[in-house]
Amino acid sequence: MKLLIVAVGQRVPDWAQTAYDDYAKRFPPELRVELKAVKTEPRGSKTLETLLAAERDRILAALPKGCRVVVLDERGTSLSTLALAQQLKQWQLASDDVALVIGGPDGLEPGFRASAHQRIRLSDLTLPHAMVRVLLIEQLYRAWSVNANHPYHRE
């Protein structure tokens, strides 16, 4: 199974990339994690609908055919770490590749968001996109560690 993180925005601070890379290398071979950064549409004088549509098209181009699409959304379902671990286990049992999508500065195009298989949220707080990447991969690693009875997650 593969977890694909599709994130709108290509530049993140060095500290965020270092933290992301640290967690990414910890995953076992049977649970690969890949990051695909897609270009943010230049803001300029374009309408919000035009911006979001362009970013949606880039996201769709990055998604593997037939994958399960999970979007991070402030209105999504709130999951505890243990609930995320259960969700990860279900994804693994289904053997589906899963794409977790992080929107750009203005979020995700409403139609794309609505068509996703799932909508989850990481926090009630507004977080910088670089932090979201780090928090997401850390929580995915923690979820894996719960399921694997690995000492990383201690209750």
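This passage looks at strand S2, the unit it belongs to, and a cavity beside it in a predicted model.

Start with the strands. S1 (residues 2-8) and S2 (residues 32-38) run parallel, joined by seven bridges. One of the pairings puts Leu3 opposite Val33 of S2 as its bridge partner. Helix H1 (residues 14-24) comes into the picture too: together with S1 and S2, H1 makes a β-α-β unit, and a right-handed one.

Within S2 sits Ala37. Is this residue buried, partly exposed or exposed? Its relative accessibility comes out at 33%, and since partly exposed covers the range between under 20% and over 50%, Ala37 counts as partly exposed. Leaving aside residues up to four places away in sequence, Ala37 touches Ala7, Gly9, Gln10 and Arg133. Pro110 is another matter: 73 residues separate Ala37 and Pro110 along the chain, and their C-alpha atoms are 20 Å apart.

Then there is the empty space. The structure holds one cavity of 30 Å³ or more, and the volume of the largest cavity is about 30 Å³. Which residues line the largest cavity? The list runs Val12, Ala16, Gln17, Tyr20, Leu35, Ala130 and Arg133. By class, that makes five nonpolar residues, one polar and one charged. Two helices, H1 and H5 (129-147), each supply at least two residues of this lining, with H1 giving the most, at three. Arg133 turns up twice in this account, as a contact of Ala37 and as part of the cavity lining.

Conventions. Residues numbered from 1 in each chain as written. Predicted model: local features only at pLDDT ≥ 70, side-chain atom pairs only at ≥ 80, totals over all residues. Heavy atoms only, no water. Helix = DSSP H or I, 4+ residues; strand = E, 2+ residues; numbered from the N terminus. Buried < 20%, exposed > 50% of the residue type's maximum accessible area, 1.4 Å probe, protein only. Contact = heavy atoms within 4.5 Å. Pairing = 2+ DSSP bridges. Right-handed = clockwise from strand over helix to strand, strands pointing away. 1 Å grid on protein atoms, 1.4 Å probe; cavity = no way out; pocket = protein on both sides within 12 Å on 5 of 7 lines; lining within 4 Å. Points joined across faces, edges and corners; volume = space filled by probe spheres on them. Nonpolar A, V, L, I, M, F, W, Y, C, P; charged D, E, K, R; others polar.
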